[in-house]
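Colleague: I would like to go through the sheet, one helix and the aromatic pairs of this chain.

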Amino acid sequence: MHSKDLKDIDILEYLDKYQNKKLIRFITCGSVDDGKSTLIGRLLHDSQAIFDDQLIDLKDSNDQIDFSRIVDGLQSEREQGITIDVAYRFFQTNKTKFIIADTPGHIQYTRNMVTGASNADAAILLIDARNGLSIQTKRHAYIVNLLGIKNIIIAVNKMDLIDYSKEKFEDIKNNFNEFVSRFDFLKKSFIPISALGGDNITLKSKNMPWFNANTLLSELENIEKIHQDFSSTAFLVQKVEKLSDSRFYLGRNIGNPFNHLDKVRILPSDTITTVKEYNADLQTLSLLDQIDISRGNIIVPERNNEILISKSINADLVWMDQADFSIEKKYEFKIHHQKTLANIEKINFKVDMEDL
């Protein structure tokens, strides 16, 4: 913003508008070399989220911007031209703030894709227009659905390399719809793009006049977040601090705030006690009684019946270890801030990514 514009801006109004913008977290996923890093680089560039001195460093020998280098930050990523770790970036428009997670396409780094998807409101699944659906495309689509992401944008990339063919785009769209027919996405959007050329990213493409729907950025701005309904409170204990004769519990609160003298239940011990003090800003809590509480315990209202204590669970696992999964081994499970060992009683089914 130029200094001459400041006199026309109400700073408090600007800050209030900024604070109240909708925040959307989304991931880019898909097979290797489908153009995920280039797409994010293009989005950041076209939304003016890159400084001029950064652009100079991103130009290749032909003075063209290599958009993929904006997010491929590790030296090994730049050397190989691939994404290994999850790269997080931030940008905003007049309507929405975004946090992007660029996730790896290589099969050996799929566990990092799961990490990026675990906190996302939406997913952009890229498909190379020349290749159509690959095994990794299907695997990522399955994981996105498994983790409960309801908004998915299928971006058919590199349309410039197939002469912007509407017929090939429609074939990919039909094949994908057939593959995910049993999934429960609330909204699927298909957009033909060229991340390198900028077609249908922030502006409508003149090369594809047959496509009349939203651009990728407009589709992102129109995403409706799926809110989890926490009808009660749960405080996840992460650390215990002792000051004088009092103990303070540090952690994370989900749901509604606690109040002074609220009756609470400590899980898994099932002990009843009373809240002495709760600080929402510092995320700290103290109790009237001296009770043995440690990292991993959960504090809930006394009448909370939603959190159940059990010695067995059914779970969907995304298994990415080099070693085979075995019911003869013990495994360490992390639940919030608690770790515990568990035996696996049986495997009910496995999913073949070719045909589900």
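The questions and answers below take these topics in turn.

Colleague: What are the conventions behind the values?

Modeller: This is a predicted model, in which local features need pLDDT of at least 70, side-chain atom pairs count only at pLDDT 80 or more, and totals for chains, interfaces and linings use all residues. Residues are numbered from 1 along each chain as its sequence is written, and side-chain values use heavy atoms, with hydrogens and water left out.

Colleague: Which are the edge strands of the open sheet of six strands?

Modeller: Strands (E, at least two residues) and helices (H or I, at least four) are DSSP runs numbered from the N terminus, and two strands pair if DSSP finds at least two bridges between them. The order is β2-β3-β1-β4-β5-β6, with mixed pairing. Pairing on one side only marks the edge strands, β2 (87-92) and β6 (187-192).

Colleague: Which residue stands opposite I27 in β4?

Modeller: Strands β1 (residues 22-30) and β4 (residues 122-128) run parallel and are joined by five bridges. Opposite I27 in β4 stands A123.

Colleague: Do the buried residues of α7 line one face or several, and within what arc do they fall?

Modeller: Buried means under 20% relative accessible area, exposed over 50%, and partly exposed in between (1.4 Å probe, protein chains only). In α7 (residues 166-179) the buried residues are F169, I172, F176 and F179. They line one face of the helix because, seen down its axis, they fall within an arc (of the directions from the helix axis to the C-beta atoms) of 90°.

Colleague: Which exposed residues does the face turned away from the buried side of α7 carry?

Modeller: The buried residues of α7 are covered by elements in contact (heavy atoms within 4.5 Å), including β4, α6 (135-146), β5 (151-157) and β6. The face turned away from that buried side carries E167 and E178.

Colleague: Is the pair of F183 and F185 stacked or edge-to-face?

Modeller: Rings of Phe, Tyr and Trp (its six-membered ring) pair if their centres lie within 6.5 Å; planes under 30 degrees apart count as stacked, over 60 as edge-to-face and the rest as tilted. F183 and F185 are each buried at 12% relative accessibility. Their ring centres are 5.9 Å apart and their planes at 80°, so the pair is edge-to-face.

Colleague: What is the angle between the planes of F325 and Y331?

Modeller: F325 is partly exposed at 24% relative accessible area, whereas Y331 is buried at 15%. Their rings form a stacked pair, 5.3 Å centre to centre, and the angle between the planes is 5°.
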